[in-house]
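Me: Please pick one part of this chain for a close look and work outwards from there. I would like the backbone, the burial and the contacts in one connected account.

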Amino acid sequence: MVARRLQIQDSIRHILHEFGEDTERAGIRDTPDRVAKSLSFLTSGYGEDPKEVIGSGLFEAECDEMVIVKDIEVYSLCEHHMLPFFGKAHLAYIPGRKIVGLSKTARLVDVYARRLQVQERLTTQIADALVEVLEPRGVGVILEAAHLCMMMRGVQKQNSVTVTSCVRGRFKSDERTRAEFMRLVGK
């Protein structure tokens, strides 16, 4: 871990030098260490197992109605440019035999968001993890995000939002279930 952080610091120092920066300047001197710490946090999802994150947060289901957790903040890095994208995730499931502690759904989102990502894959990974861990009757995930790679560079569209969705089980096979989910999350 320490060796990895030192390698990242050296790489950042080299990049700063290539930009023409004086890497010993007061404002820049500690930047390689700050960037290494930041990147370690922003990519900490690689070292996390979704099943372990949910851990003891599973309980016996006493209901069979839709459970929705919406407006979960999402922060991730685009794998193409390593620029942030951010927004909200909306998750729903229809319990089988298990329910999950509500905070665990937000932690599950973070496991996958804290990796280099594309929004489409992130949405699918969250849905598939819910299916694997909960064995529900159905799952729905909607992710809305603004991408700085579109806003700061390239096409420079400041107000664009990307929306992705993934449905499994009854959310896919039953139009009324899917419609209820969309209505309840405001889509």
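Reply: Gly20 follows helix H1 and has a positive phi, near 100°. Helices (H or I, at least four residues) and strands (E, at least two) are DSSP runs, numbered from the N terminus. The model is predicted, so local features need pLDDT of at least 70 and side-chain atom pairs count only at pLDDT 80 or more, while totals for chains, interfaces and linings use all residues. Residues are numbered from 1 along each chain as its sequence is written, and side-chain values use heavy atoms, with hydrogens and water left out.

H1 itself has 18 residues, 2-19. At 1.5 Å a residue it should span 26 Å (1.5 Å times one less than its number of residues), and its end C-alpha atoms are 26 Å apart, which agrees. Its buried residues (under 20% relative accessible area with a 1.4 Å probe, protein chains only; exposed is over 50%, partly exposed in between) are Ile8, Gln9, Ile12 and Leu16. They cover an arc of only 100° around the axis, taken from the directions from the helix axis to the C-beta atoms, which puts them on the same side of H1. The face turned away from that side carries the exposed residues Ala3, Gln7, His17 and Glu18. The buried residues of H1 pack against helix H2 (31-42), where contact means heavy atoms within 4.5 Å.

Next comes the sheet. It is open, with 5 strands in the order E5-E2-E3-E6-E7 and mixed pairing; two strands pair if DSSP finds at least two bridges between them. E5 and strand E7 (162-169) stand at the edges with a single partner strand each, so one side of each has no neighbour in the sheet.

Strand E2 (residues 67-78) and strand E3 (residues 84-94) run antiparallel and are joined by 9 bridges; Ser76 has Phe85 in E3 as its bridge partner. The two strands form a hairpin with 5 residues between them, and Met82 in the turn has a positive phi of about 55°. E2 also pairs with strand E5 (residues 116-117), in the parallel sense over 2 bridges, and here Cys78 stands opposite Gln117. Strand E6 (residues 138-147) pairs with E7 in the antiparallel sense over 8 bridges, with Val141 opposite Cys166.

Two helices lie across this sheet. Helix H4 (residues 102-113) lies across E2, E3 and E5 and runs at about 20° to E2. Helix H5 (residues 119-134) lies across E2, E3, E5, E6 and E7, at about 155° to E6. The axes are lines fitted to C-alpha atoms, for helices over the stretch in contact, and angles run from 0 to 180 degrees between N-to-C directions.

On the cysteines, the structure holds 0 disulfides, a disulfide being a pair of cysteine sulfur atoms within 2.5 Å. Cys78 is in no disulfide, and its nearest cysteine sulfur, that of Cys149, is 4.0 Å away. Cys149 is likewise in no disulfide. Cys78 is buried, with a relative accessible area of 5%, and Cys149 counts as buried at 11%.

Two further positive phi values remain. Asp71 has one of about 60° although it is not a glycine; it lies in strand E2 and is partly exposed, with a relative accessible area of 39%. Gln156, also not a glycine, has a positive phi of about 55° and is found in the loop between helix H6 (148-151) and E7.
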